[in-house]
Each structure stands twice: as structure tokens, then as C-alpha cells.
Amino acid sequence: MAPGITAEKKTEDEQSSKNNLIHLSNPHLEKMKDDILYHFALGTSTHDFPALFGDVKFVCVGGSPSRMKGFIAYIAEELGLGSVGADYPNICEGTDRYAMYKVGPVLSVSHGMGIPSIAIMLHELMKLLYHSKCSNITIIRIGTSGGIGLEPGSVVITSQSVDATFKPQFEQVILGKTIIRSTNLDDQLAKELMQCSKEINQFNTVIGNTMCTLDFYEGQARLDGAICLYTEEEKLQYLKAAYDAGVRNIEMESSVFAAICNLSGVRAAVVCVTLLNRLEGDQISSSHDVLVEYQQRPLKLVGHFIKKCLGKE
């Protein structure tokens, strides 16, 4: 034992680590009598957070409110906690910014599109979980993406999120200074999810880097936006360089997702289906039915993982 560390202190530290409580890197919150989660239309003085959310162990987040409502209905049926056709109320019905649904130990939350939108949601989500005294939380982003060198419909489990220069970092300007944060994700969780995909054995799944960009068009080297000042040759050269750097898909949320989860001490993963191979085109041209089936794949994978964790597979 290190000098100055008592047995009692060591036990406290081990217990804290074992409980895996949410860590908030903000000492100012302790001075606040009430905490209003404005974009959720929830507050500590108006809602009993531990009673509402204290049993949550799994949080799944995705861009679309309808997709996250569909996920909660799917997981409720998979866990035997809901009936066919049952309705699940939007906990955030007082706002149209985000939607939130819950069944048993699973919370499903929409985050909108892009880094700013998911960042706002995650700040308030982490505070919600903290005020609810939740422990041993796993957070998984499920969504869609553009693939690089993969057949459409493949699922990518992110090993690390990289920026548009292929660096595993999230860069943000705070108080006029550039801050760099890590975007690594939980290796063990990624392996567990990969094993679940093998057990399902219904679609191709890989573990790889995910490139997180600031927009859908120029930032992702598309040729079909309103503005494009580069050639097709330059586009393909860039995407091939991304592939060589280990990038297997592109989306717009994973970097800040990884950064905030890391700072909050939460194990996290990103599971996205690829809707097209960007080396072969820019526009998503698959039929509606095919796209709907593709979008079910991350849900099936994460649903199987949650069932397995709860001993219900």
C-alpha cells in the first residue's frame, strides 16, 4: 500500500470504483440548489430523479426520436417487459428538442444530428444519471453511417473515433483556448458486442475506426452538395487514405460522445450500420424497405447484448 493511504481509504476507493458512479467534472454543480435540465424539460426540484431513473443500467442514444421510440418498443418485447402495440410515453414531452423513453433498466434517448446537438444532450444526460444515483451504466450510440470499403448493411463497432485528419481526438475551443480530449472507447465492450454479433450471425460486423465530421457534404468528401470545390479523384484519394488509417465508417457524433463518456467514467460504445460504400458513391439509393431493415441491425445487436447482460438471452 502506498505511503499515507489508509486501509479505510483504500476500501472506499475500491467501493467507489466497484459502484462505477457517474463522475461530473464540474465543482460548481455542488453549489446549486436546483438543477434544471432545460432541454429535457426536467429538473431536480420538480422531478424525483432516483425514483424515475435510479434503476437504469443501459442507455441507448440515437439521432431520430422515432427510431428511439421504436428501439424502446423492441427492447421491451425482447425483455418481456411490454405487450405488442403498447405505447411508451415521451418523458421529455415538455420539449421538442429531444425524446426520452424508458422500460425497465433501459433508457432510450434521441440526440438529433451532429456534434452540437448530441453534446447538449449528453451534458444533461450525465447530470440526470448522476442525480438519479445510477451506477454501472453502459451507454451505446446506435445509428447510421457511410461505410468505407464495406458492403452496405455492414455494422461497425467503433474502436476509436477520429477527426477528419484521422487523429483520435475531439477538439473544442473553451474560453478562447483549444482543448483536446481523448476519443477512445471501451475495448472490452467492443469485444463483447462483437461476440454478440457472432452469436446472432445475421449480418457482417467489424470493429474499426469511425471518422466523425462536422457536416454531411464537404466534410465527408461528397460530390453532391451545393458546394464542392474538389475533384472526384481528390475525393477518392482522401477516402482511401481514411481506409488506410483504419476508418471503416463516417458519421457526425462519435467524437464528442466518446470524449464526454470518458470524462464521466462511463463505459461506452458506438454501433452504426453502413447505408452505402462511399468508395462507390455519395447518394443513398437503396429502397425504403432495404434501409429500414439495415437500420434494425444495430438494434438487434444491442438488444441481444442487453438480454445477455441481464441473463435473458
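The following exercises, each with a worked solution, concern a predicted model.

**Exercise 1. Helix 6**

Task: Compare the expected span of helix 6 with the distance between its end C-alpha atoms, then work out which side of helix 6 is buried and what it packs against.

Solution: Begin with the length, for which the 13 residues of helix 6, at 1.5 Å a residue, should span 18 Å; the end C-alpha atoms are 18 Å apart, so the two values agree. Next, take the residues of helix 6 that are buried, namely Lys235, Leu239 and Ala242. These cover an arc of only 50 degrees around the axis, and therefore lie on the same side of helix 6. On the other side of helix 6, Glu233, Gln237 and Asp244 are exposed. The buried residues of helix 6 pack against strand 11 (247-251), and just after helix 6 glycine 246 takes a positive phi of about 95 degrees.

**Exercise 2. Salt bridges**

Task: State how many salt bridges a search of the whole structure finds, and examine the pairs formed by aspartate 55 with lysine 102, by arginine 278 with aspartate 282, and by arginine 297 with glutamate 293.

Solution: The search of the whole structure gives 11 salt bridges. In one of them, the side chains of aspartate 55 and lysine 102 meet with an N to O distance of 3.0 Å. Aspartate 55 lies in the loop between helix 2 (49-53) and strand 3 (58-62), whereas lysine 102 belongs to strand 4 (residues 100-103), so the pair ties together parts that are 47 residues apart in sequence. Aspartate 55 counts as partly exposed because its relative accessibility is 41%, and lysine 102, at 22%, also counts as partly exposed.

For arginine 278 and aspartate 282, the closest N and O atoms are 2.9 Å apart, and both residues are buried.

For arginine 297 and glutamate 293, the closest N and O atoms are 2.8 Å apart; both residues lie in helix 8 (residues 288-309), 4 residues apart, about one turn of the helix. Arginine 297 has a relative accessibility of 14% and therefore counts as buried, while glutamate 293, with a relative accessible area of 31%, is partly exposed. Elsewhere, salt bridges that share partners join Arg141, Glu251 and Glu253 into one network.

**Exercise 3. A nonpolar patch**

Task: Identify which residues form a nonpolar patch on the surface, and place phenylalanine 216 in the chain.

Solution: The patch consists of Phe216, Tyr217 and Ile284, which together have about 240 Å² of accessible area. Phenylalanine 216 is found in the loop between strand 10 (205-212) and helix 6 (232-244), and its relative accessibility of 31% makes it partly exposed.

Key: Residues numbered from 1 in each chain as written. Predicted model: local features only at pLDDT ≥ 70, side-chain atom pairs only at ≥ 80, totals over all residues. Heavy atoms only, no water. Patch = residues over 30% accessible without salt bridge, like charges linked within 9 Å, V, L, I, M, F, W, Y side chains within 5 Å. Areas by Shrake-Rupley, 256 points an atom, 1.4 Å probe, with all protein chains shown as cover. Salt bridge = Lys/Arg side-chain N within 4 Å of Asp/Glu carboxyl O. Helix = DSSP H or I, 4+ residues; strand = E, 2+ residues; numbered from the N terminus. Buried < 20%, exposed > 50% of the residue type's maximum accessible area, 1.4 Å probe, protein only. Expected span 1.5 Å × (residues − 1). Arc of directions from axis to C-beta. Contact = heavy atoms within 4.5 Å.
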